[in-house]
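Colleague: I am new to this one. Please take a close look at a single part, then connect it to the rest.

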Amino acid sequence: MSDYKIETKCLHSGWVPKKGEPRMLPIIQSTTFKYDTTDEMGRLFDLKDDGYFYTRVQNPTNDMVAAKIADLEGGVAALLTSSGQAANFYATLNLCEAGDHLISTSTIYGGTFNLFAVTFKKLGIECTFVDPDASSEEIEKAFRPNTKLVFGETIANPALTVLDIEKFAKLAHSHKVPLIVDNTFATPVNCQPFKWGADIVTHSTTKYMDGHAAQVGGAIVDSGNFDWESNAEKFSCLTTPDESYHGLIYTQAFGKKAYITKATVTLMRDLGSIPSPMNAFILNLGLESMPLRVERHCYNAQKVAEFLNAHEKVSSVNYAGLPSDKYHERAKKYMPKGTCGVISFELKGGRESAVHFMDSLKLATIATHVADAKTCVLHPASHTHRQMNDEQLKEAGVSPGMIRFSVGIENIDDILSDLEQALKNA
Ligand SMILES: *Cc1c(COP(=O)(O)O)cnc(C)c1O
């Protein structure tokens, strides 16, 4: 499918039916798969043959949707997970073990921040958080001999900082480690991080990919570009024998798919965060219309950002589509078609006004969600980032009065009138 444009790939990649087969992606709602001989099944367990034997490791419906996402990102293969959290967990744990270190930008999703700062610490993995806009010299200082990877978000949730992917890729590669980019907010419709040097991309498919708040899911996409052998000692998990597969070496057995295959056959085998085939089917429906929705999200969000920016009760607006935004130029480079539908802003009245404003909204719903077809709103300091102290909030790019507004695909006039009446009460 690689020659088609993204709108076409969203509809036609992944499941390609042959004569007489269903036009729609089939839901293979089965845990098990039948074989005729003991040896046939045994060869699958040894990874000598390719095939399905148990849905915790691989399922055909999931794989077809993963293949579509890999195609959209321009990668060699992808793995679906049961949530975006599981995707970021597996993507990093696939390279890190106790005693290792990773570098992440500080403005990342709250759940990922907790994963790296708290849970990884308990596992013996340390994370250094860096300001995404720090100079290369400054970020350089965070690298250690045991650093395994660098992590960032294309557009950070909810800080909306835009990652300088080329800068981070260059830094990571000069230390012979990969750059992992969470591309949830931009989606491959607006940005394809592999084109700018990222090595692995992750997604919370719960957001724009599904787009209807119908399933929680995640994906990891492997570009196949990172040369693990060039830093074979550091990435011995991929370049030396794995005892749990009778001494198989991933880079030798799977080449460009070494990383994603290891994540599938070890992490998914041992930890088991597989999505149900039904959820993969729902995700696929969302993917089919994603380019249309993303275009409308961006159109509406631009109008909302301009409206808020001109409003007397609003003290600041973060949206890279505004020419006055700190990230406008960078966004134009990495995302010329638009960024996303999520805006954050602050009212002159601070935290208290924010609460009054949110409680007055009629169309926009208060929901712990973003990137959904329906407009929704959230107060990070009292919701997603509740666990953080003021210092951590600042580092994460979240101020106590910040409102995160996820612009849906309703008619723009209705969204603007709702904002107008709620701002009157703020
Ligand atoms: C929501 C989100 C996640 C976590 O995904 P879930 O599907 O909720 O587990 C990770 N990264 C980003 C950027 C997100 O927006």
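Modeller: Start at Thr266. Leaving out residues up to four places away in sequence, Thr266 touches Asn94, Asp242, Tyr245 and Tyr250. Keep in mind that this is a predicted model. Thr266 sits in helix 11, which covers residues 258–271. Is Thr266 buried or exposed? Its relative accessible area is 9%. The cut-off for buried is under 20%, so Thr266 is buried. Its side chain also reaches back to the backbone: the oxygen of Lys262 is 2.7 Å away.

Asp242 leads to the next stop. Thr266 touches Asp242, and Leu248 touches Asp242 too. Leu248 belongs to the loop between helix 9 (236–239) and helix 10 (250–254). With residues up to four places away set aside, the other contacts of Leu248 are Asp46, Leu47, Thr240, Pro241, Ala253 and Phe254. Leu248 has a relative accessible area of 14%, so this loop residue is buried. From here, look across to Lys332. The two residues are 84 places apart along the chain, and their C-alpha atoms are separated by 45 Å.

Another loop residue deserves a look. Thr205 lies between strand 6 (200–204) and strand 7 (218–222). Its relative accessibility is 0%, and it therefore counts as buried. Beyond its neighbours within four places in sequence, Thr205 contacts Ile69, Asp210, Gln215, Gly217, Gly218, Ala219 and Leu283.

Now place these stops in the whole chain. The domain assignment gives domain 1 as 6–278 and domain 2 as 291–424. The C-alpha centres of the two domains are 29 Å apart. How many residues of domain 1 are in contact with domain 2? The number is 37, and they meet 37 residues of domain 2.

Next, the size of that interface. The accessible area lost when parts come together is often used to give the size of an interface. Here domain 1 and domain 2 bury about 3200 Å² between them. Carbon and sulfur atoms account for 61% of that area.

Polar links cross the interface as well. The rule finds 18 residue pairs in polar contact between domain 1 and domain 2, counting pairs with both residues at pLDDT 80 or more. Which elements give two or more residues to the domain 1 side? They are helix 1 (6–12), helix 5 (110–122), helix 7 (165–174) and helix 8 (187–190). By class, that side has 19 nonpolar, 11 polar and seven charged residues.

Charge pairing comes next. Side chains of opposite charge can pair when their charged atoms come close. Between domain 1 and domain 2 there are three salt bridges. Glu166 and Lys333 meet in a salt bridge, with N to O at 2.6 Å. The pair links distant parts of the chain: Lys333 is in helix 13 (residues 328–334), Glu166 is in helix 7, and their positions lie 167 residues apart in the count. Lys333 has 36% relative accessibility, so it counts as partly exposed. Glu166, at 34%, also counts as partly exposed.

Stay in helix 13 for a local pair. Lys332, the far end of the 45 Å separation from Leu248, forms a salt bridge with Glu329 at 3.6 Å, N to O. Why are these two about one helical turn apart? Because they are three residues apart in helix 13. Lys332 has a relative accessible area of 46% and is partly exposed. Glu329, at 53%, is exposed.

What about the wider set? The structure holds 12 salt bridges. One of them joins Lys9 and Asp71, whose closest N and O atoms are 3.6 Å apart. This pair also links distant parts of the chain: Lys9 is in helix 1, Asp71 is in helix 3 (residues 60–73), and they are 62 residues apart. Lys9 and Asp71 are both buried. Elsewhere, Asp133, Lys326 and Arg330 are linked in a network of salt bridges.

To retrace the path: Thr266 is buried in helix 11. Asp242 is a contact of Thr266 and of Leu248. Lys333 in helix 13 pairs with Glu166 in helix 7.

Definitions and conventions
Residues are numbered from 1 along each chain as its sequence is written. This is a predicted model: local features need pLDDT of at least 70, side-chain atom pairs count only at pLDDT 80 or more; totals for chains, interfaces and linings use all residues. Side-chain values use heavy atoms; hydrogens and water are left out. Domain bounds come from an automatic or database domain assignment. Contact means heavy atoms within 4.5 Å. Buried area is the accessible area (1.4 Å probe) that two parts lose on being put together, summed over both. A salt bridge is a side-chain nitrogen of Lys or Arg within 4 Å of a carboxyl oxygen of Asp or Glu. A polar contact is a pair of N or O atoms within 3.5 Å; within protein, one must be able to donate a hydrogen and the other to accept it, and residues adjacent in sequence count only if both atoms are side-chain atoms. Helices (H or I, at least four residues) and strands (E, at least two) are DSSP runs, numbered from the N terminus. Ala, Val, Leu, Ile, Met, Phe, Trp, Tyr, Cys and Pro count as nonpolar, Asp, Glu, Lys and Arg as charged, and the others, Gly among them, as polar. Buried means under 20% relative accessible area, exposed over 50%, partly exposed in between (1.4 Å probe, protein chains only).
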